[in-house]
Amino acid sequence: MIMAKKLQWMLLLLMVSASMMNAKNVNPPTVHIQGDLSKYKYVYVIPVSGDKPAPGVPVNPGYIIYSRDFYPSDIISGYLMKFNYTILPECSLEHADSTLIVSYGFTGRRLLSMVKSACTVFIQMSDAQTREIVASFEAEGAGYDESFAMVEAIYTDLELFQYGATPSVKASVAKCKKKKVKIELTNKTATTLHAVHVKLIYRTNGAVVHEQSATIGRSLQPRQTGTSTVLRDASVVGKGYDIEVQVVGYE
């Protein structure tokens with residue numbers, strides 16, 4: 001009897017492990033930007049009818065883990081406040097030309113494994129004066145209950161909004177060799193990158209001794225990080241210079 005129970009537990013653990021190993025990844029987000037997000041300073045978040053906190057429920061039997069209650073509108077408002085947007089209690093005509101109206105909705109749920117699911121959240125932003133759609137974002141989040149998954153999806157949507165409003169590509173030197181420089185790139189834009197133009201600055205004792213221009217042909221999705229190698233110019237091969245990399249453009 002004891003042996004049979006042990007076999008049952010081992011079978012259950014194997015099933016859970018296999019399920020987690022074969023769990024699907026979340027789908028990539030979709031982004032549509034039709035206007036200039038950088039011109040807006042005010043935000044009005046439409047209160048959704050029935051908007052209420054997601055229930056705190058226990059997950060992962062055997063562990064004391066609870067999801068926290070949250071209001072999606074509070075998460076959206078708090079995130080945007082952190083980036084110096086003024087949250088309006090009502091949509092007025094006073095700042096209509098620089099106000100975004102934000103609406104959101106839960107658009108789907110699917111299982112990733114026996115213990116994990118993905119939820120999709122759609123966020124739409126409209127111009128308060130023209131009522132035209134300026135941008136929309138739809139992202140999936142994964143978690144052991146819907147609350148975790150929804151929060152992750154909301155933050156992904158908002159991060160993409162931030163990238164759309166203030167796009168940039170981050171670059172840093174990951175490793176220097178005698179003939180090569182490995183560069184790490186992070187796509188902080190809302191579109192897919194295909195090429196990044198960089199400038200390598202070589203210094204010794206703080207003084208610039210050489211500048212090198214290079215184009216890195218690398219496809220990077222929004223929020224993705226990757227590394228690429230640039231060959232050093234012949235005049236600086238094998239020299240122990242301090243190297244700085246700057247992004248001068250991208251496409």
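Two strands pair if DSSP finds at least two bridges between them. With that in hand, I opened this predicted model and began at a strand pair.

**Entry 1: a strand pair.** I looked up V169 and found that V169 stands opposite N187 in β10. Then I counted along the pair: eight bridges join β9 to β10 (residues 180-188), and the two run antiparallel.

**Entry 2: the sheet around it.** I followed the pairing outwards and got an open sheet of three strands, ordered β9-β10-β13, with antiparallel pairing. β9 (168-176) and β13 (225-231) are at the edges with a single partner strand each, so one side of each has no neighbour in the sheet. On average, neighbouring strands here are turned by 30° against each other, direction ignored.

**Entry 3: the cores.** Next I asked which residues have the most contacts inside the largest nonpolar core. My list reads L37, I76, L80, L100, I123, L158 and F161, in a core of 25 residues. Elements giving two or more residues to this core include α2 (72-82), β6 (99-111) and α3 (146-165). The largest share, seven residues, comes from α3. I picked out L80 for a closer look: leaving aside residues up to four places away in sequence, L80 touches V43, Y85, I87, L158 and F161. I also noted a second, separate core of 16 residues, with I183, L200, L220 and V236 among them.

**Entry 4: the whole chain.** I tallied three helices and 14 strands. Of the 251 residues, 36% count as buried. I put the accessible surface at about 14800 Å², with 54% of it belonging to carbon and sulfur atoms. Finally, I checked contacts between residues at least 6 apart in sequence, and 64% of these join residues at least 24 apart.

Definitions and conventions
Residues numbered from 1 in each chain as written. Predicted model: local features only at pLDDT ≥ 70, side-chain atom pairs only at ≥ 80, totals over all residues. Heavy atoms only, no water. Helix = DSSP H or I, 4+ residues; strand = E, 2+ residues; numbered from the N terminus. Buried < 20%, exposed > 50% of the residue type's maximum accessible area, 1.4 Å probe, protein only. Contact = heavy atoms within 4.5 Å. Areas by Shrake-Rupley, 256 points an atom, 1.4 Å probe, with all protein chains shown as cover. Core = buried A, V, L, I, M, F, W, Y, C linked by side-chain atoms within 4.5 Å. Axes fitted to C-alpha atoms, helices over the stretch in contact; angles between N-to-C directions.
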